[in-house]
Amino acid sequence: MQPDQKSARRIAMENLKPGMVLARDLLDPDKNVVLPRHTALNKDNFNLIMLNANQYVYILEDSIQADRPSFLALEVDAAEHIIPADIPVQERETFKSFTAAYVTKPAELAKEFKRISEGGRINQDTLYNYADSIMGKLKTKSDILVYMNHMKATDEHVHTHSVNVALLANLFGIWINADSKELEALTVSALLHDIGMTQIDSQIVNKQGSLTREEHETLKKHTTLGYRLLDGADMPNEVKLAALGHHEKMNGGGYPLGIKGDRISKFSRIIHICDVYEAMTAERSYRTRICPFDVIKTFERGSYGVFDTEALLIFLQNIAYTYLNSRVQLSNGALGQVVFINNHNLSCPIIKTDDGRIIDLHTTKDLKVMQLV
């Protein structure tokens, strides 16, 4: 039904305010009614509007009150009280505690991998402590994402990657309310997912340039080699399957088995997402990290048939909201703070710049977040 133009006004998303009343039904992409006309806007249903509306909605004229702050203004005000944005991440005490707990773990894990690869017994509790001791230093578990984005590159490439993927998987387990037993198994699976790399020539594993086709085929064997190392260990089967299946794709285009859909183990599907995200966002000695919002965009555009859709949606939504209130630099050089996450476009948040401008990157196509600062 079209709105009555005499009683309705088209209002941009950033100007919506609590108490405004919809002049027509809010529909989802499949034309189902999400919110019926005459619904009064509030904090709870505003997220539904952000998720399903485009750039504007129709509002009943007599419900518009000029003296009320917009939802966006409320978010900006809240953001300014949540985080001391003027304190750089590297200077925060929690970051220093995190760094102190983190810095020795890749080298320790390298020794553990060597011991296991030589036939040593695998102690799941010891492995879990690598991640748990780091997570315990955080005030908020999701801080791990911001802090990892400020870590410097190390020479322990494979082992740093394994620790980081384990931290991401642990966080994912928290997001899905995994019980303590499952959380531990998922975290250990992520720590061990690349243990097969210990069986590959180090010159191939650590090569900084492009691999030849033959080298790439050799590197792919780390999945089966890792599974063989873990096969006889006294640990959950999901841990072993994650080493084997973390490069499988939902459409069957992965390796080593080329299986698809639910035939891929649950942990493999989760770790596949964490593995790719970490590889793109981490700084390496031979390249700079990719901005998390660019990585989210890559996932949004190129994930069909590759990743588990449900797991990826959980991951991306939580990842994006983790960066709410973060300090960022835009592509035009402006500095600012993430004050709102667009549910319908997670890679394009709303930024409040240091000079007071409000920029919606969903509608400002010539700008993007370049990096966290």
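The legends below go with a handful of close-up views of this structure.

A word before we start: the model is predicted, so local features need pLDDT of at least 70, side-chain atom pairs count only at pLDDT 80 or more, and totals for chains, interfaces and linings use all residues. Residues are numbered from 1 along each chain as its sequence is written, and side-chain values use heavy atoms, with hydrogens and water left out.

**View 1. Five strands form an open sheet with antiparallel pairing.**
The strand order is β8-β7-β6-β5-β9. Helices (H or I, at least four residues) and strands (E, at least two) are DSSP runs, numbered from the N terminus. Two strands pair if DSSP finds at least two bridges between them. At the edges are β8 and β9 (369–372), each of which pairs on one side only. Neighbouring strands are turned by 40° against each other on average, direction ignored; the axes behind that angle are lines fitted to C-alpha atoms (for helices over the stretch in contact), and angles run from 0 to 180 degrees between N-to-C directions.

**View 2. Here we follow the sheet from β5 through β6 and β7 to β8.**
β5 and β6 are antiparallel and share three bridges, with V328 standing opposite G336 in β6. G336 also stands opposite T353 in β7. That second pairing, between β6 (residues 335–340) and β7 (residues 350–353), is antiparallel too and runs over four bridges. Next come β7 and β8 (residues 358–360), antiparallel over three bridges; look for I350 and its bridge partner D360 in β8. Four residues lie between the strands of the β7 and β8 hairpin, where G356 takes a positive phi near 95°.

**View 3. A salt bridge joins D354 to R327.**
By salt bridge we mean a side-chain nitrogen of Lys or Arg within 4 Å of a carboxyl oxygen of Asp or Glu. For D354 and R327 the N to O distance is 2.6 Å. These two come from distant parts of the chain, 27 residues apart: D354 sits in the loop between β7 and β8, and R327 in strand β5. Across the whole structure, the search turns up twelve salt bridges.

**View 4. F95 pairs its ring with F98 and with Y147.**
Rings of Phe, Tyr and Trp (its six-membered ring) pair if their centres lie within 6.5 Å; planes under 30 degrees apart count as stacked, over 60 as edge-to-face and the rest as tilted. F95 and F98 make a tilted pair, 6.3 Å centre to centre with 35° between the planes. They are about one helical turn apart, because they are three residues apart in helix α3 (residues 93–102). With F95 and Y147, the centres are 5.2 Å apart and the planes are at 75°, so this pair is edge-to-face. It links distant parts of the chain, F95 in helix α3 and Y147 in helix α6 (residues 143–148), 52 residues apart. Buried means under 20% relative accessible area, exposed over 50%, and partly exposed in between (1.4 Å probe, protein chains only). F95, at 7%, is buried, and so is Y147, at 2%.

**View 5. K220 meets both a ring and an acidic partner.**
The charged end of K220 sits over the ring of Y255, 4.9 Å from its centre. That label applies if NZ of Lys or CZ of Arg is within 6 Å of the ring centre and within 35 degrees of the ring normal. K220 also forms a salt bridge with E217, where the closest N and O atoms are 3.4 Å apart. K220 is partly exposed at 22%, and E217 is partly exposed at 38%. Beside Y255 in the chain, a cis peptide bond leads to P256, with omega about 10°. P256 lies in the loop between α12 (237–245) and α13 (266–281).

**View 6. Two asparagines take a positive phi, N177 and N325.**
N177 has phi near 60° and is found in the loop between α7 (157–175) and α8 (180–192). N325 has phi of about 80° and lies in the loop between α15 (309–322) and β5 (327–330). Which of them is buried, and which exposed? N177 is exposed at 67%, whereas N325 is buried at 8%.
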